[in-house]
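Hi there,

Here is the structure I promised to hand over. Have a look at it first, and then read on for my notes.

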Amino acid sequence: MVRWSYSTINTLKQCNRKYYFAQVMATHGRKIPQRRKAYELKKMQNLTMWKGSVVDKFMEKTVIPAIRDKKELDFTVFGIQAVELAKNQFQFSQAKAYNDAGLKKSEADNEFCILDVHELGKPYTEVELAEAYETIKQAVENIPLIKMPDGTLLITYLKECNQLVPNVTNWKVEIENARVSPQIDLIAYHNFKPVVIDWKLSDSFIADYSRQLIICGITVYLKRLEGDKQPYQYSDIQLYEVNLLNGVVKQHEFSQEVINDTIDDINRTAKDLGLLHVAYEDADIDEYGLTENEASCKLCSFRPLCIYLLLNQNEYDEESYLEFVQNNQLA
């Protein structure tokens, strides 16, 4: 049985060596410095990615609980609070508080953040940072204006739900030889039927996130079969991609055809994962090939560590690595 996720498969498709860093080497523990560094690089974000994660966290911790608990909803105030959250995260990253061996990620809670502008010294301007804060604020303030495909306001729709469960990460299901446990931004129950909602902040109108949502839908469907309740019909499960920046809500198809296609893909790629995933102690980094895609390499979060190890016969020294990063523009 292998652990399967959409992001893991994407990583594997991009580069086998990147897969090694992300899925074999990386660990939050600090006993082996290079493994901890791989974990930090795995968690590292650029400013664009970070804006989306801040809004996701704010939806999970503030907006959805306020709707669920029938509290007053003031999205002007929420926008200010979201920016405050972002500033706290930025300061956490700037101070490199994640290097504090006595600090657990769970203790940092909402503030935990690693940005490439701090970890790698990637240049940025105050204008770029101000624009990031403004985007976060605008996304939150847009929420009461967003409409579902049938014209109902998103807020009205969520208020009508029987249950709202944000950031579901502990639902595990088995699909043949794969164990699937997607991160689901929100599971809502509208008229007692499940609705999967994925928050997005992309300004692209053509990006396709349907496969991630279908995987979430399959998880919801299979999880229901574990109990003694009546199984869901496929038509019972609704999948919505909600772009908080441009206000567009896309509903994605959840049918026998797309389910079968997705399951086939999971089964096929799970075999690849089974061949590559071994314990760190048993893994040989040289058996994980490098990508030939130069663009993919330049965008890889693990690029500094990868180059350093290549130049040093896979031997890692923390002080030497930090000096190497400081002296080279690798971000």
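A residue counts as buried when its relative accessible area is under 20%, as exposed when that area is over 50%, and as partly exposed in between. Asp-261 has a relative accessible area of 42%, so Asp-261 is partly exposed. Please keep in mind that this is a predicted model.

Let me begin with the overall picture. The chain has 331 residues, and 46% of them are buried. Its secondary structure comes to 14 helices and 8 strands. Measuring tape aside, the C-alpha trace spans about 60 × 45 × 35 Å along its principal axes. How does the radius of gyration of the chain compare with that of a compact globule? For 331 residues a compact globule would have a value near 20 Å, and the chain's 21 Å agrees with that.

Now to the charged pairs, which I expect you will want to look at. Side chains of opposite charge can pair when their charged atoms come close. In this model there are 16 salt bridges.

One of them brings us back to Asp-261, whose side chain meets that of Arg-211 in a salt bridge with an N to O distance of 2.8 Å. Arg-211 belongs to helix H10 (residues 210-225) and Asp-261 to helix H11 (residues 256-276), so this pair ties together parts that are 50 residues apart in sequence. Arg-211 is partly exposed too, because its relative accessibility is 22%, and the lower limit for that class is 20%.

Another salt bridge joins the side chains of Asp-69 and Arg-68, at 3.2 Å from N to O. Asp-69 counts as partly exposed at 40% relative accessibility, and Arg-68 is also partly exposed, at 39%.

Arg-179 and Glu-174 form a further salt bridge through their side chains, with 3.9 Å between N and O. Are these two partners buried or exposed, or something in between? Arg-179 is partly exposed at 30%, whereas Glu-174, at 51%, counts as exposed. The cut-off matters for Glu-174, because exposed means over 50%.

There is also a network of salt bridges, which links Arg-36, Lys-37, Glu-40 and Glu-119.

Some charges gather in surface patches instead. Which residues make up the patch of negative charge? They are Asp-317, Glu-318, Glu-319 and Glu-323. Glu-323 sits in helix H14, which covers residues 318-327, and is partly exposed with a relative accessible area of 47%. A patch of positive charge is formed on the surface by Arg-3, Lys-42, Lys-43 and Lys-172. Of these, Lys-43 lies in helix H3 (residues 33-43) and counts as partly exposed at 36% relative accessibility.

Last, a word on Tyr-20, which is found in helix H2 (residues 16-25). With a relative accessible area of 4%, Tyr-20 is buried, since the limit for that class is under 20%. Should you want a distance to check in your viewer, the C-alpha atoms of Tyr-20 and Lys-122 are separated by 24 Å, and the two residues are 102 apart along the chain.

Happy browsing, and best wishes!

Methods: Residues are numbered from 1 along each chain as its sequence is written. This is a predicted model: local features need pLDDT of at least 70, side-chain atom pairs count only at pLDDT 80 or more; totals for chains, interfaces and linings use all residues. Side-chain values use heavy atoms; hydrogens and water are left out. Patches are made of residues with over 30% relative accessible area and no salt bridge: like charges are joined within 9 Å, nonpolar side chains (Val, Leu, Ile, Met, Phe, Trp, Tyr) within 5 Å. Accessible areas come from the Shrake-Rupley method with a 1.4 Å probe; for residues, only the protein chains shown count as cover. A salt bridge is a side-chain nitrogen of Lys or Arg within 4 Å of a carboxyl oxygen of Asp or Glu. Lys and Arg count as positive and Asp and Glu as negative; His and the chain ends are not counted. The place of a charge is taken as NZ of Lys, CZ of Arg, CG of Asp or CD of Glu. Helices (H or I, at least four residues) and strands (E, at least two) are DSSP runs, numbered from the N terminus. Buried means under 20% relative accessible area, exposed over 50%, partly exposed in between (1.4 Å probe, protein chains only). The radius of gyration is taken over C-alpha atoms; the globule rule is 2.2 Å times the number of residues to the power 0.38.
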